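Biologist: Got a minute to walk me through this one? I'd like to start with the strand pairing and then poke around.

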Amino acid sequence: MPWQPGQIIDADGLNNPAPATITTGVTAASGWVVTLQTLDIVSGVRIANVTLNRTGADITSPGGTSGNITPDIELCTVADAWRPRDSLYVSCSTGIGDGSMRIQPDGSCQWLTWIPGANVTSGSSMRWTWAFAR
């Protein structure tokens with residue numbers, strides 16, 4: 001990244017290379033389509049953003065009355081650059097409902113929980129973000 005007028009020159013600025021963005025590497029499961037995939041990499045820190053659009057049938061109350069999805073549902077897989085060393089647990093949302101997602105070292109992104117009694121309708125966008133160092 002180029003230096004900006006007035007920017008303080010310090011060790012952090014000198015040691016950080018230019019950021020890179022990857023916009024491929026997410027493969028949606030059946031019934032979903034990828035609408036956003038960005039992986040920003042700056043000095044070994046990776047920040048991933050994924051949005052999937054539900055193209056399949058409505059999913060009625062995936063978390064039942066407890067919120068726990070059993071078995072976990074794989075929504076997509078991610079390529080090697082997107083994978084953390086250990087499983088990460090993050091929030092996910094459609095803007096109407098919310099729950100949790102697990103991103104695994106093998107690239108599987110699994111939907112774990114959802115607000116009790118809430119549906120995910122066809123056309124909904126499921127979004128989640130995670131960050132990790134590698």
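Modeller: Sure, and keep in mind that this is a predicted model. Take Ile 22, which stands opposite Leu 39 in S3.

Biologist: Which strands does that belong to, and how many bridges join them?

Modeller: Strand S1 covers residues 20-22 and S3 covers residues 32-42; three bridges join the two, and they run antiparallel.

Biologist: And how many bridges join S3 to S4?

Modeller: 10 bridges there, again with the strands antiparallel, and S4 spans residues 45-54. Within that pairing, Val 34 stands opposite Leu 52.

Biologist: What about the hairpin of S3 and S4, how many residues sit between the strands?

Modeller: Two, and Ser 43 takes a positive phi near 50° in that hairpin.

Biologist: OK, zoom out. What order do the strands take in the sheet?

Modeller: The sheet is open, with nine strands in the order S1-S3-S4-S9-S6-S7-S8-S5-S2 and antiparallel pairing. S1 and S2 (26-28) stand at the edges with a single partner strand each, so one side of each has no neighbour in the sheet. The twist averages 25° from one strand to the next.

Biologist: Anything besides strands in the chain?

Modeller: Yes, the secondary structure comes to one helix along with the nine strands. Along the sequence the helix comes before the strands, as the pattern is α-β-β-β-β-β-β-β-β-β.

Biologist: Back to pairing: what is the bridge partner of Ile 73 in S8?

Modeller: Trp 111. Five bridges join S5 (residues 68-78) to S8 (residues 108-114), and those strands run antiparallel.

Biologist: Switching to charges, how many salt bridges are there?

Modeller: The count comes to two. One of them joins Arg 102 and Asp 72, with the closest N and O atoms 2.8 Å apart. That pair links distant parts of the chain, since Arg 102 is in S7 (residues 98-103) and Asp 72 is in S5, 30 residues apart.

Biologist: Is Arg 102 buried or exposed?

Modeller: Buried, at 14% relative accessible area, while Asp 72 is partly exposed at 33%.

Biologist: And which residue does Arg 134 form a salt bridge with?

Modeller: Asp 80, with the closest N and O atoms 2.9 Å apart. Arg 134 lies in the segment after S9 (125-133), Asp 80 in the loop between S5 and S6 (88-93), and they are 54 residues apart. Arg 134 is partly exposed, with a relative accessible area of 34%.

Biologist: Last one: what share of the chain is buried?

Modeller: Buried residues make up 37% of the 134 residues.

Conventions
Residues are numbered from 1 along each chain as its sequence is written. This is a predicted model: local features need pLDDT of at least 70, side-chain atom pairs count only at pLDDT 80 or more; totals for chains, interfaces and linings use all residues. Side-chain values use heavy atoms; hydrogens and water are left out. Helices (H or I, at least four residues) and strands (E, at least two) are DSSP runs, numbered from the N terminus. Buried means under 20% relative accessible area, exposed over 50%, partly exposed in between (1.4 Å probe, protein chains only). Two strands pair if DSSP finds at least two bridges between them. Axes are lines fitted to C-alpha atoms, for helices over the stretch in contact, and angles run from 0 to 180 degrees between N-to-C directions. A salt bridge is a side-chain nitrogen of Lys or Arg within 4 Å of a carboxyl oxygen of Asp or Glu.
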